[in-house]
Structure formats: structure tokens, C-alpha cells
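Thanks for sharing this one. Here are a few notes to read alongside the coordinates.

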Amino acid sequence: MKKIHKIFSSFRVKVTLILMVSLLFVMTLSNFLIYRFSLNSQFNQVRNELRTLARMSIIMVDAEALSHVPLNKDGVNSAAYKTIAEKLNKIKQANPFIKYIYTLKKTDKTNLLQFIVDPEPVTLSNRKKFPTSYPGDIYNAESSPEMLKAFLEPTADKKLTLDRWGVFLSGYAPIINKDGQPIAILGIDMSAQDLRDTQKEINHRSIFVLFIGIFISIILGLLISRKITDPVKKLLEGTRRVGLDDLKHKVEVKDSGEIGELADSFNKMAANLLESRKKLQDYFYHVTQSLVRILEAKDSYTRGHSDRVAEYTKKIALKMNLPSEKIELLKKAAQLHDIGKLGIHEDILNKQEKLSDEEWTIIRMHPLIGEDILKSVSVDEELLTIVRSHHERFDGKGYPDGISGNHVSIDIQIISIADAYDAMTSARAYRQAMSKESAIKELEKNCGAQFNPVVVEAFFKVLAEPG
């Protein structure tokens, strides 16, 4: 008995036991906090994207026409219904991830809403397959508090909805009449099966990493308690860094034993989280790209502009031997560079006459608006800078900040010249398209002023290539 007491009274054993408990606690806590933080962060970003899409989509819905839809089964044959249904279907076609899109209005009962336009097929055979509703059909929103809240502000569901049609996440926005009063809401249902599957996979990995951590912490605590202090500090620092969203941080431990395995396990956990984050960021990028396509769909003259600018950008970057990661970033930035025009009234964007000074001032706000839109989804800072500054000039006469020379990065200059060339060689409502030769002369004329000569030279090599 005394021998056992002596063993447990020794400093080494006490340190070993403390380290075992500490490591177990650290791994459990970091595992829980990191994965929960990641899940919540990813889910909230998807909600923000969906809320933004709903808010942007209501600009295509005419509140006056919506108020003229008869709230009965025959309302589907009315001109107002068909007009609204056509616009809703265009939004759905531009955003393939949308499962259902519809409009609802209030009734005299708090939790009961009425459908106005639900553009899904309404034939008898299809009603068994699709959850279609006719104008005037009642919907009980008691279990959807965010739907009721949407009459006041754009919002989205706070949790996934699982029903017989699948897993969904919905976003809503109020439809405002000319008097500034909300007369209805626009609802968008997104299939969230991929998001749910990602959450399940993250949970499974969380459990797996937790058990690995428990196992390794016990071994480390028993075998090398004296040498564990420094590695534990590094692991704690890694936990803190990853918990602060630094998923690229790696724990460097020079040990070929169990501590090294623990560090490798931690790094794999961070890598798995980073990969999951990348998949979701790609998803956010595609959602935002859909918003740009909605914008371009309103004007046949600008349709495909962002795709062409992205292709020119990629070719210039390849010609300048930029790294593949940089090229991918530039291509995404080119796709999104004009997203700020979503905040500019289409009467100004599509005006065929000369713009007034006030209208030009509004147009020049679109880089800042684009930056604000993308900030809400935590887009890469470098991409935000490109979207903000794609109208800056090499000579400092651009906007919104008037930066010049080396302050206008090569990245910005690449997209700037690709944007300018496509604008010149594309027809607009107010002018015909320039020929390739005329556009090249214009670029030569502005080389060293609007455009960086190095980028101009690389672009000319791209234009000289066949095809």
C-alpha cells in the first residue's frame, strides 16, 4: 500500500497524470470548439448568401402586378400571374440550386399566409410530384418564424428543414409597393442535401479525431511526460489559431513518436476543415456568380461579359507566368468584378443617352457596392481589393481611390485591360462594337496612361495567338 502511495506521490507520475488529463481536455475542447465554430460559420455564410439572393431577386418582381393576381384557382390564367411567374422562372433558371421560388401575402390571421404566385407546374399529374400551390391557397407559417419576419426585413431559416421533399434551407425578402409598404414576401427554397451531408461528414470526422486524440494523449502522458511541455504549448497555440479561423496553421513538432503523431493528427484535422471550407467557399462563389448572371440577363448587350473578361484574364495571367493559385483567384475576381451593378438602378445601366454627372457619380459607386456585397460572405481580401479597384488607372485618374503606378497591382491591371477590351469589342445599347483592330489601337493609345505597359504587352501576345 505504501509502495503504491509512493508511486502516485512522485512528481513524475503527478505530471504524467496531469498531462494525460490536460491533453484529453485540450483535444476534446479543441475538437468541439473548432468543429462547432466551423459548422456555425459555414451555415451562417450559406444563410447570408440565400438572404442576399432573395433581397436581390425582389427587384425583378413588380409589386403592382403582384397585387393584381386574382387569389383563386383561375388566377393562374391571369396576365399578372403569368408575368410574375415568368420572372420567377428566370431567376430559378439563372440559379440552378434553387428548388422552389414563390410569393406569399398575409391574411387576417397571424400565422396563415396566402400563395400569390408559385410558378411550379400546376397540371394534375405533376401536382403529385411537385408541391404546387394555386393563388389564394393557405399556408400555415406557424413553424416558420423567419417567413413571418420577412415582411419586415430579408431573412433566412435558422435551421435546415427536412420534409418529404428533401432537405431545404429557405430565404425570404419583403416585396415593397410604391408607398414603401410590404405587400408580400418572396421565398426561395434551396436544396441543402450537400450542406447536410457536409455537416454529417464533419461530425463523423470530429468523433474520429476525438478518439484518436484521447488515445494519443494517454500514450504521450504515460511515456514522455518530461518532454511533453513544449509540444503541448505548440498544440495549444495551434488550437487557438485554428479556433481563430487560421485553418492553414500547422503545428511543427520534431518528434518521431506519439507527440509527432498527435501533431500530424491535428494538422490533418485542420486540413480537413480547410478543405470543407474551400468547398463551401466554392459554393458561395457559384451563388454570387449567379447574381452576376441575373444582372447580365437583364441586358442582352452585356450578357456573357463577365465570362469573357474571366477568359481574357486567365489567358493574360498564363502569358505572364503567374502561379496557378493566382490565376484561379483572378478568374474568380473577373467573374465577380461587376457585381456592384446589382445596386445600380437598371434605368441608369441601360440608358441609351449620355449620362448626366449625377448618373456617372452613381455608376462609379459600383466597385464600392460590389466590395460591400462580397464582404458579407467573407471573401478573400485580395479578391475584395480587385473588385474595389478594377476601374483604377495606371496614371491615377481612375476611381474610386485614384491610386496610381505600382499601387495599382498587376492583378488589378490584368482585369482592367480585359474588362476594357471586352467592353470596346461588344455592342452596347448606345453604340456599335469596335473591331479588334480598332480596340488594339485604343489600347496602344492608352498604354502607359490607363494601362500598365507590361500588361498591355502580354495582352497583345494573347490577341496575336490564333483562335
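1. Let's start with isoleucine 316 in this predicted model. Leaving aside residues up to four places away in sequence, Ile316 touches Ile414, Ile417, Ala418, Val455, Ala458, Phe459 and Val462.

2. Those contacts lead to the core. The largest nonpolar core has 38 residues, and Ile316, Ile417 and Phe459 are those with the most contacts inside it. Two or more residues each come from α10, α11 (324-336), α14 (366-375), α15 (381-389), α16 (410-424), α17 (436-445) and α18. Of these, α16 gives the most, with 8 residues. Another core, of 34 residues, lies apart from it and includes Leu50, Met60, Leu66 and Ala184.

3. Have a look at one helix pair, too. How do α10 and α18 cross? The axes of α10 (residues 305-319) and α18 (residues 453-464) come within 9 Å, with a crossing angle of roughly 110°. Because 65 to 115 degrees counts as roughly perpendicular, α10 is roughly perpendicular to α18.

4. Which residues make that contact? From α10 come Tyr312, Lys315, Ile316 and Lys319, and they meet Val455, Ala458, Phe459, Lys461 and Val462 of α18. By class, the contact has 6 nonpolar and 3 charged residues, with no polar ones.

5. Finally, the whole protein. Its secondary structure comes to 18 helices and 7 strands, and 45% of the 467 residues are buried. Among contacts between residues at least 6 apart in sequence, 65% join residues at least 24 apart. The protein exposes about 24600 Å², of which carbon and sulfur atoms supply 54%.

Note on methods. Residues are numbered from 1 along each chain as its sequence is written. This is a predicted model: local features need pLDDT of at least 70, side-chain atom pairs count only at pLDDT 80 or more; totals for chains, interfaces and linings use all residues. Side-chain values use heavy atoms; hydrogens and water are left out. Axes are lines fitted to C-alpha atoms, for helices over the stretch in contact, and angles run from 0 to 180 degrees between N-to-C directions. Helices (H or I, at least four residues) and strands (E, at least two) are DSSP runs, numbered from the N terminus. Angles under 35 degrees count as roughly parallel, over 145 as roughly antiparallel, 65 to 115 as roughly perpendicular and the rest as oblique. Contact means heavy atoms within 4.5 Å. Ala, Val, Leu, Ile, Met, Phe, Trp, Tyr, Cys and Pro count as nonpolar, Asp, Glu, Lys and Arg as charged, and the others, Gly among them, as polar. A nonpolar core is a set of buried Ala, Val, Leu, Ile, Met, Phe, Trp, Tyr and Cys residues joined through side-chain atoms within 4.5 Å. Buried means under 20% relative accessible area, exposed over 50%, partly exposed in between (1.4 Å probe, protein chains only). Accessible areas come from the Shrake-Rupley method with a 1.4 Å probe; for residues, only the protein chains shown count as cover.
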